[in-house]
Each structure stands twice: as C-alpha cells, then as structure tokens.
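Thanks for passing this one along. Here are my notes, as numbered points, to read with the model open beside you.

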Amino acid sequence: MKVKFWSKNIAIQLALKEGIHLKYIHWVIIYYFRLFYFKYNSLPNIRNLLNFLNIKYNKQYNSIFLYKLFPKGVIKQVSKISNLPKNVQCF
C-alpha cells in the first residue's frame, strides 16, 4: 500500500480536524508509528507502543494514558495523523 505525502504541517492540520492539539508526546508517538511502519510495513499495536514509551521514558504508561491523548482510538487517530494506511495489520 502506498503512503501519501506527509509533513509536520499536514499532521497538525489532520490533528486539528480530529480535535487534538499536538504536544511533544504526540509527536513521539507519531514518529514512532512512521518509523515502525517503514521498517516492518505494518502498524504497531498498543502493546508495542506502550513498551516503547515505557522503555524510552522509564515510566509506566498505560492504555488509559494513550486514550487520553487519542480519544477516538489510538491506532485509528495516530495512523490518520501520520498519514499511514489504516487497513494494515498491526504487528
């Protein structure tokens, strides 16, 4: 599946349409999704994302934290803002 053009400005506009004002942690997650997708040709699942965040920041983040950042669905909204295909299997 081909990924469309993407930039930070596009991400900001897509996030605003979703009702999200992007902060630093949002960008960390967005870039993680993009790097993961381009490496594995698949989207990470919630467990992969939480493992990454917990190791990177030495904290205990959970799915409640993620759903506060992306209230309409973590995978759905992050892939939309990242401009990645949403019908790709999660890894």
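How many helices and how many strands are there in the chain?

1. Overall make-up. This is a predicted model, and its chain holds five helices and zero strands. Reading from the N terminus, the order of elements is α-α-α-α-α.

2. Dimensions. For 91 residues, a compact globule would be expected to have a radius of gyration near 12 Å, and the chain agrees, with 12 Å. Along the principal axes, the C-alpha atoms fill a box of roughly 35 × 30 × 20 Å.

3. Contacts and surface. Among contacts with a separation of 6 or more, 66% join residues 24 or more positions apart. Of the 91 residues, 43% count as buried. The accessible surface comes to about 6000 Å², and carbon and sulfur atoms account for 57% of it.

4. The core. The largest nonpolar core has 26 residues, and Ile29, Phe33, Leu49, Leu53 and Phe70 touch the most other members. H1, H2, H3, H4 and H5 each give two or more residues to this core. Its largest share comes from H2, with nine residues.

5. Phe70 up close. It is worth putting this side chain at the centre of your view. Leaving aside residues up to four places away in sequence, Phe70 touches Ile20, His26, Ile29, Gln77, Val78 and Ile81. Of these partners, Gln77, Val78 and Ile81 are buried residues of H5.

6. Helix H5. Is this helix enclosed by the rest of the structure or left open? H5 covers residues 74-81, and six of its eight residues are buried, so the helix is largely enclosed. The buried ones are Val74, Ile75, Gln77, Val78, Ser79 and Ile81. They pack against four helices: H1 (8-17), H2 (24-40), H3 (46-57) and H4 (63-69).

7. After H5. Do look at the backbone here too: asparagine 83, just after H5, takes a positive phi of about 60°.

8. Ile10 and Ile81. Isoleucine 10 lies in helix H1, while Ile81 is one of the buried residues of H5. These two isoleucines are 71 residues apart along the chain, yet their C-alpha atoms are separated by 8.0 Å. Is Ile10 buried, exposed or partly exposed? With a relative accessible area of 27%, Ile10 is partly exposed, since the buried class requires under 20% and the exposed class over 50%.

Definitions and conventions. Residues numbered from 1 in each chain as written. Predicted model: local features only at pLDDT ≥ 70, side-chain atom pairs only at ≥ 80, totals over all residues. Heavy atoms only, no water. Buried < 20%, exposed > 50% of the residue type's maximum accessible area, 1.4 Å probe, protein only. Contact = heavy atoms within 4.5 Å. Rg over C-alpha atoms; globule rule 2.2 N^0.38 Å. Areas by Shrake-Rupley, 256 points an atom, 1.4 Å probe, with all protein chains shown as cover. Core = buried A, V, L, I, M, F, W, Y, C linked by side-chain atoms within 4.5 Å.
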